Amino acid sequence: MSTNIDIHESSKDTKGKAVLVAAPARAGGWKKGIAIIDFILRLGAVAAALGAAASMGMSDQTLPFFTQFFQFEASYDSFTAFQFFVITMAIVAGYLVLSLPFSIVSIIRPHATGPRLFLIILDTVFLTLAAASASAAASIVYLAHNGNQDTNWLAICNQFGDFCAQTSGAVVSAFIAVVVLVLLVVMSALAIGKH
């Protein structure tokens, strides 16, 4: 794209002069910037999702009671919601790793809409999956901290403090990944929407 700048001169003044052409604006500058931020955010989301899955997967605490044969144990696999959480956050982390090459393509070719459209669709799907698993785990963590008097469920965090701290940290990390996925969807939509 070139822009001609008209300079009004008399015919005597124009002899031997070239037409002045303005330098074109840098193509795709802001879209390339969004693509670079997209790549960095994906790396952060990978770390958050993997951290959430690993923290929840390693949450385990045993309280000895009288003898070693009679013990109370709290583990992530005691709760179906926590098992769902570990599996889904590992899947989300795997997807985010596999999406990095598409993010790199968006950096190299900032005006290509194909990779961005592909990423926005899959980001939305995995955002939903991550939000569902994080919400399910958050409800169990809430019950572990506060219990429910109406159903006579007791709060277990008074006895299993380490277990509750680890699962709470995993849920926070998962919600960080969810927020990053929301940002990725919004940024991709902005990049596709503005030409």
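**Two serines and a pair of packed helices**

Hi everyone! The protein on the screen has four helices and four strands. Please keep in mind that this is a predicted model.

Let's walk along the chain. Starting at the N terminus, the order of elements is β-β-α-β-β-α-α-α. The protein has 195 residues, and 35% of them are buried. What share of the contacts between residues at least 6 apart in sequence joins residues at least 24 apart? The value is 73%. As for the outside, the accessible surface is about 11,700 Å², and carbon and sulfur atoms account for 67% of that.

Now, on to a pair of helices. Helix 2 covers residues 80-108 and helix 4 covers residues 161-193; their axes lie 12 Å apart, at an angle of about 40 degrees. The crossing of helix 2 and helix 4 is left-handed. Which residues make this contact? Helix 2 brings F82, F85, M89, V92 and L96, while helix 4 brings F163, T167, A170, V171, A174, A177 and L181. Sorted by class, that gives 11 nonpolar residues, one polar residue and no charged ones. Try finding them on the structure as we go.

Next, let's look at two serines, beginning with S133. You'll find S133 in helix 3, which spans residues 113-146. Is S133 buried or exposed? S133 is buried, because its relative accessibility is 0%, and the cut-off for buried is under 20%. Leaving out residues up to four places away in sequence, S133 touches F84, F85, T88 and M89. One of these deserves a second look: the side chain of T88 makes a polar contact with the side chain of S133, at 2.9 Å. You may also recognise F85 and M89, since both were among the helix 2 residues in the contact with helix 4.

The second serine is S55, and its home is helix 1, residues 29-57. Why does S55 count as buried? Its relative accessibility is 18%, and that falls under the 20% cut-off. Setting aside neighbours within four places in sequence, S55 is in contact with Q166 and A170. With Q166, the side chain of S55 reaches the backbone oxygen, at 3.2 Å. A170 is another familiar name, as it was one of the helix 4 residues in the contact with helix 2.

So, to recap our two serines: S133 has a polar contact with the side chain of T88, whereas the side chain of S55 reaches a backbone oxygen, that of Q166. Thanks for listening, and I'm happy to take questions!

How values were computed:
Residues are numbered from 1 along each chain as its sequence is written. This is a predicted model: local features need pLDDT of at least 70, side-chain atom pairs count only at pLDDT 80 or more; totals for chains, interfaces and linings use all residues. Side-chain values use heavy atoms; hydrogens and water are left out. Buried means under 20% relative accessible area, exposed over 50%, partly exposed in between (1.4 Å probe, protein chains only). Contact means heavy atoms within 4.5 Å. Accessible areas come from the Shrake-Rupley method with a 1.4 Å probe; for residues, only the protein chains shown count as cover. A polar contact is a pair of N or O atoms within 3.5 Å; within protein, one must be able to donate a hydrogen and the other to accept it, and residues adjacent in sequence count only if both atoms are side-chain atoms. Axes are lines fitted to C-alpha atoms, for helices over the stretch in contact, and angles run from 0 to 180 degrees between N-to-C directions. A crossing is left-handed if the near helix is turned anticlockwise from the far one by less than a right angle, and right-handed if clockwise. Ala, Val, Leu, Ile, Met, Phe, Trp, Tyr, Cys and Pro count as nonpolar, Asp, Glu, Lys and Arg as charged, and the others, Gly among them, as polar.
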